[in-house]
Amino acid sequence: MFDKFIHSSMAAADPLLLQTKPHHHHHHLSSMLSSSLPLSIKTTPSSISKPPSSLIIASTSNPLLPGRKLRAAVIGGGPAGSSAAETLASGGIETFLFERSPSSSKPCGGAIPLCMLEEFSIPPELIDRRVTRMKIISPSNLTVDFGKTLKPQEYIAMLRREVLDSFLRRRAESAGATAITALVTSIDLPSSPASPYTVHYTASGSRHSLTVDVVIGADGANSRVAKSIKAGDYRCAIAFQERIKLPDDKMEYYKNLAEMYIGNDVSPDFYAWVFPKCDHVAVGTGTICSKQSIKLYQKGIRERVEPKIRGGKVIKVEAHPIPEHPRPVRIRGRVALIGDAAGYVTKCSGEGIYFAAKSGRMCGEAIVKASEGGWRMISEGDLRREYLKEWDGKYLATFRVLDLLQSVFYGNNAAREALVELCDEEYVQRMTFESYLYKRLADGNRWEDAKMFFNTVGSLIRCNIVGKNMRALNLNLRRGV
């Protein structure tokens, strides 16, 4: 959620930035503040999510395939992989969707922006909670109600990942994708530009292989697909979360409320959360620089919220790596990375569900377009032009700026105090929620932007001074002065 505030701070810091090349910056800043199994192609129903439009453009540069359609393997069945598989199958590509553990769930806050519900046709019955109230709590327990500007029909949708992921996989199958429950163990690279990739996998205790023309890696932060193409390493955070079933009166408190806590006691470089689910809350935290201490930080958030979750019972414990920046290589040959495998998680907020699904759809659209609906072979150049260039043009600046600004607001407790203090301003809340909920640049006011900029600077200065005074006081107390 903090990326929403940072988006507004950028607008305040440089209003001219938002007027130059407006089309691109609307996109740049919009998100701030697993022998073959039996194969078949199914008929595409008309009830699936909105199909890609204007995707197929005639091309004579790529060779026609000899009496068959392009074959694609999508490795990983989360929001990224399922969205890619659905788009590919809907567009005429022979698609195989591998998922190792369909029944498992990723430790995730489960918050998605309002625009995703419409853009990806997410049915309302999948939503556990509609959050209309949010509290942000500083290291000193200064609490700000963040949501005062939400309109009656606006909310943050909270879902369980196992529910969302299962729905998206079923929809990809309905579109014509062949789902394979299996662990992909390795991928053999082609010996020539037109030769196939061979995907090796284990299913039901047996080894199998499948030859395909294109591979999409949607297999998370520890992606085997990425390793197979030597995509390079990246830094990963770790997210740790406990699902806690609360007594009815405690659960009522979190009915439509989410809480975010910041401070060195809960994370040195991220935030901790309490997010409501259908009949329980998710209590968790994350860190990149002190992963070995994650349980200590989880103890910290448990202590901060103890009165509110007293009497609760832990029903599930989860941990998972989260990428901190895009991979050095996301395309190599006819292999593309999407979602967490590509590193598409924003700094500050850790938001990844929307960007995973969006990258999957964009990659699928690119392949459908370049192959003319599956009739032609594609190349690395096609993937770079139709997928990577389009993605980077819309979102790469967002990831880079949030990476930079996280160091400002998460560097120490003094800066965190300043952040929470600024979040109390209604203008900040309006700008950030509009940008987050709809993934578009909110209409601002130059005078308010300028005022917010100076307030930001003032809060940082003031809170740093306060922080220094508090450290001096603590030192004197230890010395017995």
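Two strands are taken to pair if DSSP finds at least two bridges between them. In this predicted model, strand E1 (residues 71–75) passes that test with strand E12 (residues 214–217), to which four bridges join it in the parallel sense. A good place to start looking is Val74, which stands opposite Ile216 in E12. On E12 itself, Val214 and Ile216 point one way, Val215 and Gly217 point the other way, and all of them are buried. The pairing continues beyond E12, since E12 and strand E19 (residues 335–337) are parallel partners over three bridges. Here Val215 of E12 is the residue that stands opposite Val335 in E19.

Strand E1 has another partner in E2, and five bridges join these two strands, again running parallel. Val74 turns up once more, with Leu97 as its bridge partner in E2. How enclosed is E1 by the rest of the structure? Five of its five residues are buried, so E1 is largely enclosed. The cover extends to both faces of E1: Arg71, Ala73 and Ile75 lie buried on one side, and Ala72 and Val74 lie buried on the other. Arg71 also has a side-chain partner, as its side chain makes a polar contact of 3.3 Å with the side chain of Glu94. Glu94 belongs to strand E2 (residues 94–99). The same glutamate brings together distant parts of the chain: Glu94 and Ala177 are 83 residues apart along the chain, and their C-alpha atoms are separated by 7.1 Å.

A second set of strands can be followed from E14 (residues 257–263), where seven of seven residues are buried. Leu257, Glu259, Tyr261 and Gly263 are on one side of E14 and Ala258, Met260 and Ile262 on the other, and both faces are covered. E14 pairs in the parallel sense with strand E5 (residues 133–137) over five bridges, and within that pairing Arg133 has Leu257 of E14 as its bridge partner. With E15 the sense is antiparallel, and four bridges are found. One of the pairs there is Tyr261 with Ala272 in E15. The connection from E14 to E15 is a hairpin through three residues.

Strand E15 also leads to the largest cavity of the model. Strands E13 (236–245), E15 (267–276) and E16 (281–287) each supply at least two residues of its lining. The space in this cavity comes to about 70 Å³. Which residues line the largest cavity? They are Ala237, Ile238, Ala239, Asp269, Phe270, Trp273, Gly286, Thr287, Ile288, Ile322, Glu324 and Gln406. Sorted by class, the lining has seven nonpolar, three polar and two charged residues.

A smaller arrangement of strands is easy to trace by eye. An open sheet of three strands follows the order E3-E7-E4, and its pairing is antiparallel. Strand E3 (111–112) and strand E4 (129–131) stand at the edges with a single partner strand each, so one side of each has no neighbour in the sheet. Between E3 and strand E7 (residues 156–158) there are two bridges, and these strands run antiparallel. Ile112 stands opposite Ala157 in E7.

Two helices complete the picture. Helix H11 (residues 353–370) has 18 residues, which at 1.5 Å a residue should span 26 Å, and its end C-alpha atoms are indeed 26 Å apart. Of those 18 residues 16 are buried, so H11 is largely enclosed by the rest of the structure. Just after H11, Glu372 takes a positive phi of about 55 degrees. For helix H14 (residues 426–438), the expected span of its 13 residues is 18 Å, in agreement with the 18 Å between its end C-alpha atoms. The buried residues of H14 include Tyr427, Val428, Gln429, Met431, Thr432, Phe433, Ser435, Tyr436 and Leu437. An α-helix has 3.6 residues a turn, so residues three or four places apart point the same way. H14 is followed by Lys439, whose phi is also positive, near 50 degrees.

Definitions and conventions:
Residues are numbered from 1 along each chain as its sequence is written. This is a predicted model: local features need pLDDT of at least 70, side-chain atom pairs count only at pLDDT 80 or more; totals for chains, interfaces and linings use all residues. Side-chain values use heavy atoms; hydrogens and water are left out. Buried means under 20% relative accessible area, exposed over 50%, partly exposed in between (1.4 Å probe, protein chains only). On a 1 Å grid over the protein atoms alone, a cavity is a set of points where a 1.4 Å probe fits but cannot get out, and a pocket is an open set with protein on both sides within 12 Å along at least five of seven lines; lining residues have an atom within 4 Å of a point. Grid points are joined across faces, edges and corners, and a volume is the space filled by probe spheres set on the points. Ala, Val, Leu, Ile, Met, Phe, Trp, Tyr, Cys and Pro count as nonpolar, Asp, Glu, Lys and Arg as charged, and the others, Gly among them, as polar. The expected span of a helix is 1.5 Å times one less than its number of residues. A polar contact is a pair of N or O atoms within 3.5 Å; within protein, one must be able to donate a hydrogen and the other to accept it, and residues adjacent in sequence count only if both atoms are side-chain atoms.
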